[in-house]
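Q: Walk me through this one, please. Whenever you put a label on something, tell me how you know.

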Amino acid sequence: MVTHFCLGVVLLAILATAVADPDIKVVCAKDSVRVTWRVAPQFVPYAARFFLGNCMPSTWKVLPTGEGEASFNYKFFDCRFTKQLKGKHIIYQNQLSFRPQSKPKSAIFTYPIQCVQKLAEEKVPQFLNPGSGVSEGHSKLVFHMELLNEQLTGVSKTNVIPLGSFMPIWAAVEQKSHQPLVLLMDECVAASTPELHPGSQVYPIVGNNGCLLESKRGSSLFLPRYHSSAIILYLQSFKFGMGGEVYIHCNLIVWDGDYLDQRRKACHVKDGRWELLDDPMRHSLCNCCETSCNPRTKRAVDWESLSSHFNSMLGPIIIVDQPDSMANASLLDTGAAQSKKRVDLI
């Protein structure tokens, strides 16, 4: 047994040395990747031990030279790719690995795979580009919060919303001289007053550090981002304050960096489970939405020093029971459905 163990260790050492100089070619497409990995003849018996994420090769062939060639051709939603939105770029990441022994044994070789795509500018309506429209600034940052129309093509011209229909609420922070910023809705509530007081009656919408509570009760969700510095809450209207004025109060978080954790996230319920907006494969960050998302780790405290909190108010919005009431809807003027910001820098 000792002899077999020693031979196994020697074999792994030889394989690790042989694979240290890989012949790998990566071709990124719009929604997929093609990876070709050519290996030396001694690796051919281990054809089933090469992986892209958790995927085995799509094809494997032995070349006339005796070498082996593993080809991986997969979509980005396969193989446990992670997706990260940074500025106007989407970054898909994974890794190749050679694991001669089954788990829990570790891979003896890994190789990072990354595909970067730029978001198409023409898909972003002009008004959604941070910097357009009425806004307020603080400390070289400019913030927006608006109610959009049903087509998501511009700011809504009415503040009267039929019960059960959707209210697209857009928030953004302007980039200016900063590196790409990340904007999240940490907490949002509906209230009947433009100012919140200790005794104010509120209806929770987003809570527990970015969990869209309303997505559990209906069909509300966060729409896919077009930029990391903006977010759209696609909120289904509710009965709270129906017939009267309703104001949406949100605590927005913005910071330099791409670090997400249980305190910095955007989660909603899709297909019966919590999902992370910016990377569905990391949905485990949303598991705490059913309990409490307040881990005070050292890393989280360090990142808080780089973040800022912004309290914003949108309103008034009037939710009506009958669509016919829309006939009496008043157009938004400069005082209706306005965005009010109170900035509290940490």
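A: Sure, pairing comes first: two strands pair if DSSP finds at least two bridges between them. The strands themselves (E, at least two residues), like helices (H or I, at least four residues), are DSSP runs numbered from the N terminus. One caution: this is a predicted model, so local features need pLDDT of at least 70, side-chain atom pairs count only at pLDDT 80 or more, and totals for chains, interfaces and linings use all residues. Residues are numbered from 1 along each chain as its sequence is written, and side-chain values use heavy atoms, with hydrogens and water left out.

Q: How do you know that E2 and E5 pair, and in which sense?
A: DSSP must find at least two bridges, and E2 and E5 have eight, in the antiparallel sense. That clears the bar, so they pair. Val39 is a residue you can check here: it stands opposite Gly68 in E5.

Q: What joins E1 to strand E2?
A: Six bridges, with the two strands running antiparallel. With at least two needed, this counts as a pair. A hairpin makes the connection through three residues, and Ile24 stands opposite Trp37 in E2.

Q: How many bridges join E4 to E5?
A: Four, again antiparallel. Trp60 stands opposite Ala70 in E5. Put together, the four strands form an open sheet in the order E1-E2-E5-E4, with antiparallel pairing. Strand E1 (23-28) and strand E4 (59-62) are its edge strands, since each pairs on one side only. Direction ignored, neighbouring strands of this sheet are turned by 10° against each other on average, where the angles are taken between axes, lines fitted to C-alpha atoms (for helices over the stretch in contact), and run from 0 to 180 degrees between N-to-C directions.

Q: Why does Tyr203 count as buried or exposed?
A: Buried means under 20% relative accessible area, exposed over 50%, partly exposed in between (1.4 Å probe, protein chains only). Tyr203 has 19% relative accessibility, so it counts as buried. The residue is in strand E14 (residues 202-207).

Q: Which residues does Tyr203 touch?
A: A contact means heavy atoms within 4.5 Å. Not counting residues up to four places away in sequence, Tyr203 touches Cys188, Val189, Ala190, Glu214, Arg217, Phe238 and Phe240. Ala190 is 13 residues away in sequence, and its C-alpha is 4.9 Å from that of Tyr203.

Q: What makes the link between the side chains of Tyr203 and Glu214 a polar contact?
A: The pair of N or O atoms has to lie within 3.5 Å; within protein, one must be able to donate a hydrogen and the other to accept it, and residues adjacent in sequence count only if both atoms are side-chain atoms. For Tyr203 and Glu214 the distance is 2.9 Å, and for the side chains of Tyr203 and Arg217 it is 3.3 Å. Both values are within the limit, so both are polar contacts.

Q: Is Ser229 buried or exposed?
A: Its relative accessible area is 0%, so Ser229 is buried. It is found in the loop between strand E16 (221-222) and strand E17 (230-236), and its side chain makes a polar contact of 2.8 Å with the side chain of His227.

Q: What is notable about phi of Cys79?
A: Phi is near 60°, a positive value in a residue other than glycine. Cys79 is in the loop between strand E5 (68-75) and strand E6 (82-86). At 4% relative accessibility, it counts as buried. Asn209 also has phi near 60°, and with a relative accessible area of 10% it is buried.

Q: Which bond joins Gly315 and Pro316?
A: A cis peptide bond, with omega about 5°. Pro316 lies in strand E21 (residues 307-320).

Q: Which residues touch the most other members in the largest nonpolar core?
A: Ile169, Met185, Ile205, Phe222, Phe238 and Ile248, out of 49 residues. A nonpolar core is a set of buried Ala, Val, Leu, Ile, Met, Phe, Trp, Tyr and Cys residues joined through side-chain atoms within 4.5 Å. A second, separate core has 23 residues, including Leu85, Ile90, Phe109 and Cys115.

Q: What pLDDT does the protein chain average?
A: It averages 79, and 74% of the residues score at least 70, where pLDDT is the predictor's confidence in each residue, from 0 to 100. Among the elements, strand E22 (residues 338-344) has the lowest mean, 40, and E15 the highest, 97. Over residues 130-138 pLDDT stays under 50.
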